[in-house]
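Colleague: Thanks for sitting down with me over this one. Could you walk me through it, a piece at a time?

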Amino acid sequence: MKRKAFIMAMVMCMMGSTVGTTGMTVYAEENTAESEESVETEESTESEEGTETEASVETSTEAGDTLAEGQVLLPASEAVFTEGEGVGPDNEKEPTSYDEEVGMIRAAAQGTEIVYTVPEGAEGTYDMYLTVSKVLAAFSSQPFTFTINDGETFSVPVDLQVPADSPASYTEDGEYDEGTLTDSGRFLIKQSLELKAGDTIKVTCAFGCKAPTLKGMVFPYVGDVLLAPAGSEVPTGYDNTVKTVPEADPSDPLAGLNIIWLGSSVTYGAQSGGHYSMADAIQDNHPGTVCEKYAISATTLVNEKEDSYVGRMKLISKDETPDLFVVQLSTNDATTGKPMGEVTDSTDPADFDDTTIAGAIETIISYVKETFGCPVVFYTGTYIEKEGYDEMVDLLLQIQEKWGIGVVDMYHNEEMTALYGTDLYNEYMHDEVHPFRKGYVEWWTPVIEEYLTEFLSNH
């Protein structure tokens, strides 16, 4: 997994100033003789009219901040975006526009396309980063899709945060992050891109966030694109830190793994403080392990909409190299009465009807095995009195026999079911579907860890 070294939230150092309300801030080296020489080079270049600054030489942003050597900035102010109407920072509909004060594009709507063009003098292999603000509500880890020139469209997780001034409301377990809506952070989108002048990078606002308190689908402000020499260190996230992956513990079977998680609100951690789910807990518990959550609340396995499990799975870059692919058996399919379908005798994807639950599950298993070549594990929720979900679990167990996949069956776990309706259950669960953070960490994660350890030892 090429994005691995940039994902873990282990803080190694702080560099430069923060990414704040003046738009994207870029990073100079510490006060060394080398960096002082770079600044002198920049000043002398700017003083000569008509002299073009090479991409490998430090340059300046519109705000006068300094780019590190070899970095190229594609400003949001120069991007071309779709005219439309989205939800603005005051939770009211307004035209999509470039906000000069914060240096970002605001009130993007679903389907808004923002196109950046690589400038003259920039040619090489880069890691690509996108700057985004915090957001009015965060129930999606896949707000955007990306297209380089006319290549395949792909999506990557972006860990959006909700600020203290958001109108969205959570439970007592869902604490707000500090800060304001226009606090921004930089996120790694793609590594080792071969780019040249004139190439285009399209960011499409694809899967935004909804909440009852909001006036429609919301997206964060979208800022500059940064191109950094491939493999170089770049501070990321709203905390503006360089992140790396710790060395794996060879005695830990779950350490050092690349795990993709596909699901909806439970995988996302919608009712947990900081949307912290078992995926995050497993990443924190096992050194060197990276868990990427491809999760959007209220989505289904059944492939009826673009945000279905099947549709979003096919947006995961084929460059990914996961060791394990974990899928949530969503209750949303039962709640919305999706058809069960039947388990086929075939392993040919053309024979699967992905508009049924059985067909969608088989499609996911087949695609992951063919595309990523890694084991597949589904997990169920704990016992729930919801019509249709028990049938879904039974269907999944039939499919397990056919495909040899793993199933973390918490629904039939007698010890877990014994807690149903107790005071401890109420401490663990926001409702019958969504755990609190405590429920993820203390209840679900140990069961899932135990199963994955045994499963992987046999695969």
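**Strand β16 and its surroundings**

Modeller: Happy to! Let's start at strand β16, residues 290–295, which is mostly covered: six of its six residues are buried. Keep in mind that this is a predicted model.

Colleague: Which residues of β16 point the opposite way from V290, E292 and Y294?

Modeller: The side chains of β16 are split between two directions, and all of these residues are buried. With V290, E292 and Y294 on one side, the other way is taken by C291, K293 and A295.

Colleague: And which residue of β16 is the bridge partner of L262?

Modeller: Strand β15 covers residues 258–263 and runs parallel to β16, with six bridges joining the two. L262 has its bridge partner in β16, and that partner is Y294.

Colleague: K293 caught my eye. Over which ring does its charged end sit?

Modeller: K293 is one of the buried residues of β16. Its charged end is 5.4 Å from the centre of a ring and sits over it; the ring is that of Y268.

**The nonpolar cores**

Colleague: Which helix gives the most to the largest nonpolar core?

Modeller: That core has 64 residues, and W261, L301, F325, I364, F378 and W444 touch the most other members. The helix that gives the most supplies eight residues and spans 357–371: α6.

Colleague: Which residues of β16 does W261 touch?

Modeller: Residues up to four places away in sequence are not counted here, and the contacts of W261 include T267, M278, V326 and I448. β16 runs over residues 290–295. Within that range, W261 touches C291, E292, K293 and Y294.

Colleague: How many residues are in the other core?

Modeller: This core lies apart from the largest one. Among its members are F144, V158, L181 and V218, and its size is 53 residues.

**D159 and its contacts**

Colleague: Is D159 buried or exposed, or in between?

Modeller: D159 is in the loop between β10 (144–148) and β11 (184–195). Its relative accessible area is 44%, and because buried needs a value under 20% and exposed one over 50%, D159 counts as partly exposed.

Colleague: With which side chain does that of D159 make a polar contact?

Modeller: Leaving aside neighbours within four places in sequence, D159 is in contact with F187, Y238 and H275. Y238 also has the charged end of K134 over its ring, 5.7 Å from the centre. The polar contact of the D159 side chain, at 2.6 Å, is with the side chain of H275.

**Aromatic pairs**

Colleague: How are the rings of F144 and F146 arranged?

Modeller: The structure holds 16 aromatic pairs, so let's apply the cut-off to this one: planes over 60 degrees apart count as edge-to-face. F144 and F146 lie 6.2 Å centre to centre with 65 degrees between the planes, and the pair is edge-to-face.

Colleague: How many residues apart in sequence are the parts that Y383 and Y420 tie together?

Modeller: Their ring centres are 5.2 Å apart with planes at 85 degrees, so this pair is edge-to-face. Y383 lies in the loop between β18 (376–379) and α7 (389–403), and Y420 in the loop between α8 (414–417) and α9 (423–428). The pair therefore ties together parts whose separation in sequence is 37 residues.

Colleague: Which other residues form one aromatic cluster with Y383 and Y420?

Modeller: Y383 is partly exposed, with a relative accessible area of 26%, and Y420 is partly exposed at 26%. In the cluster they are joined by Y389, Y411, Y425, Y428 and W443.

How values were computed:
Residues are numbered from 1 along each chain as its sequence is written. This is a predicted model: local features need pLDDT of at least 70, side-chain atom pairs count only at pLDDT 80 or more; totals for chains, interfaces and linings use all residues. Side-chain values use heavy atoms; hydrogens and water are left out. Buried means under 20% relative accessible area, exposed over 50%, partly exposed in between (1.4 Å probe, protein chains only). Helices (H or I, at least four residues) and strands (E, at least two) are DSSP runs, numbered from the N terminus. Two strands pair if DSSP finds at least two bridges between them. Contact means heavy atoms within 4.5 Å. A polar contact is a pair of N or O atoms within 3.5 Å; within protein, one must be able to donate a hydrogen and the other to accept it, and residues adjacent in sequence count only if both atoms are side-chain atoms. A nonpolar core is a set of buried Ala, Val, Leu, Ile, Met, Phe, Trp, Tyr and Cys residues joined through side-chain atoms within 4.5 Å. Rings of Phe, Tyr and Trp (its six-membered ring) pair if their centres lie within 6.5 Å; planes under 30 degrees apart count as stacked, over 60 as edge-to-face and the rest as tilted. A charge sits over a ring if NZ of Lys or CZ of Arg is within 6 Å of the ring centre and within 35 degrees of the ring normal.
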